Amino acid sequence: MDTTATEPVRSYLGATGQRLRDDGCEVRTEDWGGVPVLVGYRADFKLRWMATKLHLFTIAAPATVVAAADLEAFSTSALDYVIARKGSLRGVQSGVAVFPALVGTEIDPAAVAWAREKQRLKFAALCRPVVVDAGTASASAFRGNPMLGFLYAAHLRRKLDTYFPTA
């Protein structure tokens with residue numbers, strides 16, 4: 001995966017960081033194998049979620065070309081990361097979710113289709129991959145209502161719309 005950040009990609013990542021901060025997230029930049037990655041985190045507790053706490057991470061990285069295989073690999077890494085960070089007690093009144101986002105200027109239609117298809121799951125861990133075309137500011141992700149994890153669907157959709165608004 002080529003991670004050369006063009007000006008539109010840097011600008012979109014900067015704006016995403018500001019949207020995360022505006023929504024009350026802790027935001028930082030981490031080095032993932034030499035690539036600066038934007039990481040946002042927040043936790044929410046709601047009685048209507050059967051009194052559970054949801055730890056939500058947004059992890060966005062630059063990519064010149066976004067291909068389906070790259071998005072899948074990045075999503076797997078992001079999900080493993082959030083499980084390691086906050087998932088030790090997941091399933092016991094606690095769950096984790098992640099929006100792994102690749103932001104680029106050349107988007108493979110297969111990557112868009114893969115992101116929109118469904119959310120990915122592990123036990124008490126949800127993953128909704130995001131593909132962003134920085135040139136048009138369009139963001140593609142699953143925004144539906146899944147069978148598993150349906151309690152969080154409206155919340156995750158609102159957060160996706162806040163952090164990655166559709167063009």
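**Two nonpolar cores and their surroundings**

The largest nonpolar core of this predicted model has 28 residues, and those with the most contacts inside it are Phe57, Ile59, Val82 and Val98. Such a core is a set of buried Ala, Val, Leu, Ile, Met, Phe, Trp, Tyr and Cys residues joined through side-chain atoms within 4.5 Å, where buried means under 20% relative accessible area, exposed over 50%, and partly exposed in between (1.4 Å probe, protein chains only). At least two residues of this core are supplied by each of β2 (35-46), β3 (52-62), α2 (68-86), β5 (94-104), α3 (109-117) and β8 (125-127), and its largest share, eight residues, comes from α2. These helices (H or I, at least four residues) and strands (E, at least two) are DSSP runs, numbered from the N terminus.

Phe57, leaving aside its neighbours within four places in sequence, is in contact (heavy atoms within 4.5 Å) with Val39, Gly40, Tyr41, Tyr81, Val82, Arg85, Lys86, Ala97, Val98 and Phe99. A second, separate core of 24 residues includes Leu13, Leu54, Ala101 and Ala134.

The model is a prediction in which local features need pLDDT of at least 70 and side-chain atom pairs count only at pLDDT 80 or more, while totals for chains, interfaces and linings use all residues. Residues are numbered from 1 along each chain as its sequence is written, and side-chain values use heavy atoms, with hydrogens and water left out.

Strand β9 (residues 130-133) contains Asp133, a buried residue that has no salt bridge, the nearest side chain of opposite charge being that of Arg116, 10 Å away. A salt bridge here requires a side-chain nitrogen of Lys or Arg within 4 Å of a carboxyl oxygen of Asp or Glu. The side chain of Asp133 does, however, reach the backbone nitrogen of Gly135 at 2.9 Å. Beyond four places in sequence, Asp133 touches Gly104, Thr105, Ile107 and Ser138.

In strand β10 (residues 138-141) lies Ala141, which counts as buried because its relative accessibility is 7%. When residues up to four places away in sequence are not counted, Ala141 touches Ala115, Arg116, Pro129, Val130 and Leu160. The C-alpha atoms of Ala141 and Glu117 are separated by 8.0 Å, although these residues are 24 residues apart along the chain.

Turning to cysteines, Cys25 is buried, with a relative accessible area of 9%, and Cys127 is likewise buried, at 2%. The structure holds zero disulfides, a disulfide being a pair of cysteine sulfur atoms within 2.5 Å.

Key:
Lys and Arg count as positive and Asp and Glu as negative; His and the chain ends are not counted. A polar contact is a pair of N or O atoms within 3.5 Å; within protein, one must be able to donate a hydrogen and the other to accept it, and residues adjacent in sequence count only if both atoms are side-chain atoms.
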